Amino acid sequence: MKFAEMTSPQLAEVERDQTLVLIPIAAVEQHGPHLPTATDTIICTAIAEKLEEILSEKILLVPTLWLGASAHHLRLGATVDCQLKNYMELLPDIARSFLQDGFQRVLFLNGHGGNIDPLKVALRQLQLKFPEALLTGGSYWTGASDLIHEMLEGDHKFVGHACEFETSMIMHLRSDLVQHDLITDAGELIPDEIEGFFVSRDMKQRTRQGCTGRPDLATAEKGKMLMEGIVNRLESTVKKLLRQKLGATYDDFC
């Protein structure tokens, strides 16, 4: 079920407590010299749409929120940012629209690293007013870390930025948007952590051209296999979320 393609009477018939409201969130920001600014949005949307296609009777898919928390990319240009305080208010507002309409299960499917921390804060704030609802959120790659580690050839065996992973995904989904002749080894990534302590550095400090890892090792075939594996993992996650009990106290789950 796609929220944006349904009428008000059709939506009124949707079962409230046994439907998962799926809200993809991403970003539009610089992705080095070779990938489009909408990379995160393209990938996250494609994954969410595939999930809805597989579980169309159980998922209510909301249009992707393309605006993200991207301040750490601003100094490189080609970036649209939502300030953290605004973003942490925007996410609950979107979810609240569905919760107040009776829906009980919400999943924010994230496609941008900068959204992770504000998403957790937003869910904590929202849960105070809707303690009986199932409020969840996470990045699409979280449950597929082993697959990603196995598939990637470079030393960066994780989802970085305009990296081997994202470049492979865009080669699979929208190869026409890739500047193939500008793909190179991104070089060393300056760390944002020292002995477990977070160091606040933006992408202009951490990268040479706004990308990470080994995008030069990316292929469309890798992207296709990664896409299929991630969707498969997420399908299992969604089914588990739909089986979760709803409740406001410990005894409701016993």
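How far apart in helix H8 are Lys224 and Glu228, counted in helical turns? About one turn, because the two are four residues apart in that helix. I'll come back to this pair in a moment. One note before we go on: this is a predicted model.

Let's start with helix H8 itself. H8 covers residues 220-243, which makes 24 residues. At 1.5 Å a residue, the helix should span 34 Å. The C-alpha atoms at its ends are 35 Å apart, so expectation and model agree.

Which residues of H8 are buried? Near the start of the list we have Lys222, Gly223, Leu226 and Met227. Then come Gly229, Ile230, Val231, Leu234 and Glu235. Val238, Leu241 and Leu242 complete the set.

Now, salt bridges. A search of the whole structure turns up 13 of them. Side chains of opposite charge can pair when their charged atoms come close. I'll take three examples.

Back to the opening pair. Lys224 and Glu228 form a salt bridge, with their closest N and O atoms 2.7 Å apart. An α-helix has 3.6 residues a turn, so residues three or four places apart point the same way. Are these two buried or exposed, or something in between? Lys224 is partly exposed, at a relative accessible area of 41%. Glu228 is also partly exposed, at 46%.

Second example, again in H8. Lys239 and Glu235 meet through their side chains in a salt bridge, 3.2 Å from N to O. Both sit in helix H8, four residues apart, about one turn of the helix. Lys239 is partly exposed, with a relative accessible area of 37%. Glu235, on the other hand, has 18% relative accessibility and counts as buried, because the cut-off for buried is under 20%. There is a network as well: salt bridges with shared partners join Glu153, Glu164 and Lys222.

Third example, away from H8. Arg206 and Asp192 make a salt bridge with their side chains, 3.5 Å from N to O. This pair links distant parts of the chain, 14 residues apart. Arg206 belongs to helix H7, residues 203-206. Asp192 is in the loop between helix H6 and strand E5. Arg206 is buried, with 13% relative accessible area. Asp192 counts as partly exposed, at 26%.

Next, helix H6. How many of its eleven residues are buried? Eight are, and the helix is mostly covered. The buried ones are Glu164, Phe165, Glu166, Thr167, Ser168, Met169, Ile170 and Met171. What do they pack against? Helix H2, helix H5 and helix H8.

Take the H2 partner. H2 runs over residues 39-54, and the axes of H2 and H6 come within 10 Å. They cross at roughly 65 degrees. Angles of 65 to 115 degrees count as roughly perpendicular, so that is the label for H2 and H6. The crossing is left-handed. From H2, the contact uses Thr39, Asp40, Ile42, Ile43, Ala46 and Ile47. From H6, it uses Glu166, Met169, Ile170, Leu173 and Arg174.

On to helix H3, residues 84-99. Its 16 residues should span 22 Å at 1.5 Å a residue. The end C-alpha atoms lie 23 Å apart, which agrees. Its buried residues are Tyr87, Leu91, Pro92, Ile94, Ala95, Arg96, Phe98 and Leu99. These pack against four strands and a helix by name: E1, E2, E3 and E4, along with helix H4.

Last topic, backbone angles. Most residues other than glycine have a negative phi, and most peptide bonds are trans. Which way does Ala78 go, positive or negative? Positive: its phi is near 55 degrees. Ala78 sits in the loop between E2 and H3. The residue is exposed, with a relative accessible area of 54%.

Glu195 is not a glycine, and its phi is also positive, at about 50 degrees. Look for Glu195 in the loop between E5 and strand E6. Glu195 is exposed, with a relative accessible area of 78%.

That's the tour. Thanks, and I'm happy to go back to any of these spots.

Methods. Residues are numbered from 1 along each chain as its sequence is written. This is a predicted model: local features need pLDDT of at least 70, side-chain atom pairs count only at pLDDT 80 or more; totals for chains, interfaces and linings use all residues. Side-chain values use heavy atoms; hydrogens and water are left out. The expected span of a helix is 1.5 Å times one less than its number of residues. Buried means under 20% relative accessible area, exposed over 50%, partly exposed in between (1.4 Å probe, protein chains only). A salt bridge is a side-chain nitrogen of Lys or Arg within 4 Å of a carboxyl oxygen of Asp or Glu. Axes are lines fitted to C-alpha atoms, for helices over the stretch in contact, and angles run from 0 to 180 degrees between N-to-C directions. Angles under 35 degrees count as roughly parallel, over 145 as roughly antiparallel, 65 to 115 as roughly perpendicular and the rest as oblique. A crossing is left-handed if the near helix is turned anticlockwise from the far one by less than a right angle, and right-handed if clockwise. Contact means heavy atoms within 4.5 Å.
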